Each structure stands twice: as structure tokens, then as C-alpha cells.
Amino acid sequence: MEYRTLGASGTVVSTYALGTMTFGHETDEAGAHQQLDAYVEAGGTLIDTADVYSAGVSEQIVGSWLAKSSARDNVVLATKGRFPTGDGQNDVGTSRRHLRRALDASLQRLGVDHVDLYQLHAWDPITPLQETLSFLEDAVRAGKIAYGGLSNFTGWQLQKACDLIDRQGWSPLVTLQPQYNLLVREIEWEIVPAAQENGLGLLPWSPLGGGWLTGKYSFDEAPTGSTRLGENPDRGVEAWARRSKNERVRAVVDAVRAIAEARGISMAQVALAWLVDRPAVTSVILGARTLEQLDDNLAAADLHLTDEERAQLDEASDPGAADYPYGVPGVNQRSRPITGGRSN
């Protein structure tokens, strides 16, 4: 396992994090504890959960493991708040009222008095941003969280948050958790540069594209059985009907498969190795149903692709930005040679 700082902070984490969205829903407590044990044994240190994962059960499972684990002091613990935790009008969002209750409930389920990273799970268009960010600052000062982070924010939302924090002199945010993988690279146009400009490390979720990058889904026959798409072919952005007809998805899967076969490793390991070395990435979040899946993913911990392999995957996965503002003409318009002048 390799290690990097958590964004621009001084806290060090492993380059692969353990996501716990499956805990309590797709993975029972015993299986989850096996995954947690295997993860820390492999040198992993960053555990990521959220209050809405299995309606709080994920945090409870992590908490029961922490209570008996000797690895507690080495774990960097992250959770999130924002999405509905009840039926009331104030049981959702990033208001001071909701986040105060959400954080306290998370701490109770986890059985700890603080978390290392508390992330806003998404933008809230209703709550004033100053109210939200002042809550994070108060939580830092109260010792309930060490750092604040964001998840699923766009580039302008991220920048607005960082600018407000800078003006107020509050504790800087350290991370952004976006969806990022070989099939979802559009964040490189605005979100990644904004994160780099503000010193935020990326914690990519869905690094395997909902399973598409493992090669387990056919492009010609709808999935069945005990897989996420087998149980729900219309699931989210990775829905089978949408991606199975996308030629770019097919090209990416073929490129990943070719490299995996040449190296004698799994397709998942290839996709993870590409992502972990992308600019600004701090730690890639692994999400597994089973211990076998996690073991395969963790085998990528010391794997790095060659320049040629990365170029092959970059070409196949290029999302094809239009000329303006993200294509070559737009990029050239924003560039400037150091020599200057009309002749350049």
C-alpha cells in the first residue's frame, strides 16, 4: 500500500480507501467486518461511510468493528451528511440544524467523539452557503471533526465554498469526493482544476463504473443474477440500456481488457491503477460486496501502468470535449507562451 496526504492537510492516508455503502444492505455485518480486517491488514487506513448508507446501519457496523479493533488509532475515519435521514422538512440539507443533528447521530452510531473528515454529501440550493460552512468551522473548533470536505460539488460550487472560507479565515476544506472513472472523465474539464487550485485531494467514488470496467456485463444481453445491474438493470448512471449502446463504453472496456490480458491481471486492477495516478487524486474509494472482490481490488495497491498503457486508456476513454470551451481551440485560447508576442 502507498500513502499520500489528505489533500493539502498534514494527515496521511492510504491511496485506496474502503467505501462502506454496501454494509448493511449488500454485505452483512460479519462480511463487513471481514472486509475491514482485510483492508487494514493490507495497509489501508481511510474508511469512508455516510449517514444514509443503509439508513445508518453502515455507520453502526463500522462502529461495532472500531469498538473491537486494535487498528482504531491508525484509521482515518470519514463520513458524510446532507441527504434525508427522516420524513421531516428539516431532516435533509446542509442547514445548521440538520447537520448538527446528523453529525451527532453519526458520532453516536460510530461510537466515537470525533471523525477525521466530515463531508457535505452534495450541494444544497436552499441553505445559504455561509450557514453551512460556518457549521463546519464550529465543528472543527469543537473537536468533533478534524477536517471538512465536499462531495458531488460542481466546479463553481467548489470554488464559491473555498472563496468564502478564505475570506472568513476559516479552516480550509481538504477533499472532494466525486464520481470519477474511465467512463466518467468530464470532471477533468472544470472540477479537477478547481480542486487543484484550492489544494483539495480527490476521493473518487465508483472507480469501476458500477461494475462495467470489470468486464462482467455483456453488451448484447441484459444482466441477471446477484450483481447490481442484474438485480436492477436501470440502476443510476450505469444503467445497462444506456451504457450497452454506447460505443465509447465498449471501446474503453475493450482497452481495459486488452491490458489486463497482456499483464495477466484483472480488469478491475487495470481500471484502478489508471485512476489512482490521475492528477489530484488522494485515495480511490473501493466498494465491494464480498471479501473476494475486495481482495482483487487491493491487489492493485502497488500496481502502476506504463506510459503506453495510460495513453491507450486515455485515448479510448476521451469524452470528446467540443471545441469550446473545453476542446483544443478553447484550451489554446486560455494558454500563453512565455515568450509572448504576435509571432508566437
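**Exercise 1. The second largest cavity**

Find the volume of the second largest cavity, then sort its lining by class.

Solution. Start with the size: the second largest cavity comes out at about 50 Å³. Keep in mind that we're working on a predicted model here. Next, collect the wall: Thr-94, Leu-120, Ala-122, Trp-123, Asp-124, Thr-127, Leu-129, Thr-132 and Phe-153 line this cavity. Last, sort them: five are nonpolar, three polar and one charged.

**Exercise 2. The largest cavity**

Work out which helix gives the largest share of the lining of the largest cavity.

Solution. First, the overall tally: there are three cavities of 30 Å³ or more. The largest of these has a volume of about 60 Å³. Now list what surrounds that space: Leu-133, Leu-136, Glu-137, Val-140, Gly-148, Ile-165, Trp-170, Ser-171, Pro-172 and Leu-173. Check the list against the helix boundaries, and helix α4 (residues 129-141) turns out to be the top contributor, with four residues. By class, the lining splits into seven nonpolar, two polar and one charged residues.

**Exercise 3. Helix α5**

Check the end-to-end distance of helix α5 (residues 155-168) against 1.5 Å a residue, then find what its buried residues pack against.

Solution. Length first: α5 has 14 residues, so at 1.5 Å a residue it should span 20 Å, and its end C-alpha atoms are indeed 20 Å apart. Then pick out the buried residues, which are Gly-155, Gln-157, Leu-158, Ala-161, Cys-162, Leu-164 and Ile-165. One of these, Ile-165, has already turned up in the lining of the largest cavity. As for partners, the buried residues pack against α4, β7 (145-151), β8 (175-177) and α6 (191-197). Finally, step just past the end of α5: Gly-169 has a positive phi of about 70° there.

**Exercise 4. Two pockets**

Give the volume and the lining classes of the largest pocket, and do likewise for the second largest pocket.

Solution. The largest pocket holds about 810 Å³. Its lining takes in 37 residues, with Met-21, Ser-206, Pro-207, Arg-228 and Gly-287 lying nearest the centre. For the secondary structure, β10 (284-286) and α11 (291-298) each supply at least two lining residues, and α11 has the largest share with three. Sorting by class gives 12 nonpolar, 17 polar and eight charged residues.

On to the second largest pocket, with about 170 Å³ of space. Among its lining residues are Asp-51, Ala-55, His-98, Arg-101 and Arg-109. Here the classes are five nonpolar, three polar and four charged.

**Exercise 5. The two sides of α9**

Work out where the buried residues of α9 sit around the helix axis and which elements help cover them.

Solution. Start with the span again: the 17 residues of helix α9 (residues 247-263) should cover 24 Å at 1.5 Å each, and the end C-alpha atoms are 25 Å apart, which agrees. Now list the buried set: Arg-248, Val-249, Val-252, Val-253, Ala-255, Val-256, Ile-259 and Ala-260. They take up an arc of only 160° around the axis, so they lie on the same side of α9. The pattern fits a simple rule: an α-helix has 3.6 residues a turn, so residues three or four places apart point the same way. Over on the other side, Glu-247, Glu-261 and Ala-262 are exposed. The cover over the buried residues includes α8 (240-243), α10 (267-276) and α12 (307-317).

**Exercise 6. Gln-269: buried or exposed?**

Decide how Gln-269 should be classed and name its contacts.

Solution. Gln-269 belongs to helix α10. Its relative accessibility is 9%, so with the cut-off for buried at under 20%, Gln-269 counts as buried. Leaving out residues up to four places away in sequence, Gln-269 touches Asp-296, Ala-299, Ala-300 and Leu-303.

**Exercise 7. Backbone oddities**

Find the cis peptide bond and the positive phi values at Ser-54 and Ala-55.

Solution. The cis bond joins Tyr-324 and Pro-325, with omega about 10°. Pro-325 sits in the loop between α12 and α13 (328-334). For the phi values, look at the loop between β4 (46-48) and α2 (57-68), home to Ser-54. Ser-54 has phi near 55°, and Ala-55, which isn't a glycine, has a positive phi of about 55°. Ala-55 is exposed too, at 71% relative accessible area.

Notes: Residues are numbered from 1 along each chain as its sequence is written. This is a predicted model: local features need pLDDT of at least 70, side-chain atom pairs count only at pLDDT 80 or more; totals for chains, interfaces and linings use all residues. Side-chain values use heavy atoms; hydrogens and water are left out. On a 1 Å grid over the protein atoms alone, a cavity is a set of points where a 1.4 Å probe fits but cannot get out, and a pocket is an open set with protein on both sides within 12 Å along at least five of seven lines; lining residues have an atom within 4 Å of a point. Grid points are joined across faces, edges and corners, and a volume is the space filled by probe spheres set on the points. Ala, Val, Leu, Ile, Met, Phe, Trp, Tyr, Cys and Pro count as nonpolar, Asp, Glu, Lys and Arg as charged, and the others, Gly among them, as polar. The expected span of a helix is 1.5 Å times one less than its number of residues. Buried means under 20% relative accessible area, exposed over 50%, partly exposed in between (1.4 Å probe, protein chains only). Contact means heavy atoms within 4.5 Å. The arc is that of the directions from the helix axis to the C-beta atoms.
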